[in-house]
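User: I should like a close look at one part of this structure, set in the context of the whole chain. Please take me through it step by step.

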Amino acid sequence: MKLLLLISVAVACVAASFVWREPWIGGVGLVIAFVAMFTDRDDVKLDDEKGSYETTKSVRNMRHKNR
């Protein structure tokens, strides 16, 4: 939700810089977009965190035995 808000503000700033012909407003919008890009926390869960019965190490061991 925060990412969508930051991107919306960034787009509004860049659009405002074209309307009012002030390049610094567009620069602020690009800085906000840069901050939004690096503050997005969409972490990928590991197998251990998903609550599966098999840990990552046990899966690796089983695959190694088959080779």
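In which helix is the place of Ile-7? Please examine that helix closely, including its two sides and what follows it.

Analyst: Ile-7 has its place in helix α1, which covers residues 2-20. The model is a predicted one, and every value below is computed from it.

The setting may be described first. The chain has three helices and zero strands, and along the sequence these give the pattern α-α-α. Of the 67 residues in the chain, 13% are buried. The chain exposes about 6,200 Å², and 64% of that area is supplied by carbon and sulfur atoms.

Helix α1 can next be considered by its length. With 19 residues at 1.5 Å a residue, α1 should span 27 Å. The C-alpha atoms at its ends are 27 Å apart, so the expected and modelled spans agree.

The buried residues of α1 are Ala-10, Cys-13, Ala-16 and Ser-17. These residues lie on the same side of α1, because they cover an arc of only 125° around the axis. On the other side of the helix, Leu-4, Val-11, Phe-18 and Val-19 are exposed. The cover over the buried residues of α1 includes α2.

Ser-17 illustrates the buried side. This serine lies in helix α1, and its relative accessibility is 12%. Buried means under 20% relative accessible area, so Ser-17 counts as buried. When neighbours within four places in sequence are left aside, Ser-17 is in contact with Glu-22, Ile-25 and Gly-26. Helix α2 comprises residues 23-39, so Ile-25 and Gly-26 fall within the range of α2.

Two C-alpha pairs add to the picture of how the chain is arranged. Ala-10, one of the buried residues of α1, is 7.9 Å from Val-31, C-alpha to C-alpha, although the two are 21 residues apart in sequence. Val-31 has its place in helix α2. Val-31 is itself exposed, with a relative accessible area of 51%; the cut-off for exposed is over 50%. The second pair joins Val-9 and Ile-32, which are 23 residues apart along the chain and have C-alpha atoms separated by 7.6 Å. Val-9 lies in α1 and counts as partly exposed, at 34% relative accessibility.

Ile-7 itself, with which the request began, is partly exposed, at a relative accessible area of 35%. Together with Leu-3 and Val-11, Ile-7 forms a nonpolar patch on the surface. The accessible area of these three residues together is about 230 Å². Val-11 thus appears in two descriptions: as a member of this patch and among the exposed residues on the other side of α1.

Finally, there is the region that follows the helix. Just after α1 comes Arg-21, with a positive phi of about 55°. This positive value occurs in a residue other than glycine. Arg-21 lies in the loop between α1 and α2, and this arginine is exposed, with a relative accessible area of 71%.

In summary, helix α1 has its buried residues on the same side, with cover that includes α2, and it has exposed residues on the other side.

Conventions:
Residues are numbered from 1 along each chain as its sequence is written. This is a predicted model: local features need pLDDT of at least 70, side-chain atom pairs count only at pLDDT 80 or more; totals for chains, interfaces and linings use all residues. Side-chain values use heavy atoms; hydrogens and water are left out. Helices (H or I, at least four residues) and strands (E, at least two) are DSSP runs, numbered from the N terminus. Buried means under 20% relative accessible area, exposed over 50%, partly exposed in between (1.4 Å probe, protein chains only). Accessible areas come from the Shrake-Rupley method with a 1.4 Å probe; for residues, only the protein chains shown count as cover. Patches are made of residues with over 30% relative accessible area and no salt bridge: like charges are joined within 9 Å, nonpolar side chains (Val, Leu, Ile, Met, Phe, Trp, Tyr) within 5 Å. A salt bridge is a side-chain nitrogen of Lys or Arg within 4 Å of a carboxyl oxygen of Asp or Glu. Contact means heavy atoms within 4.5 Å. The expected span of a helix is 1.5 Å times one less than its number of residues. The arc is that of the directions from the helix axis to the C-beta atoms.
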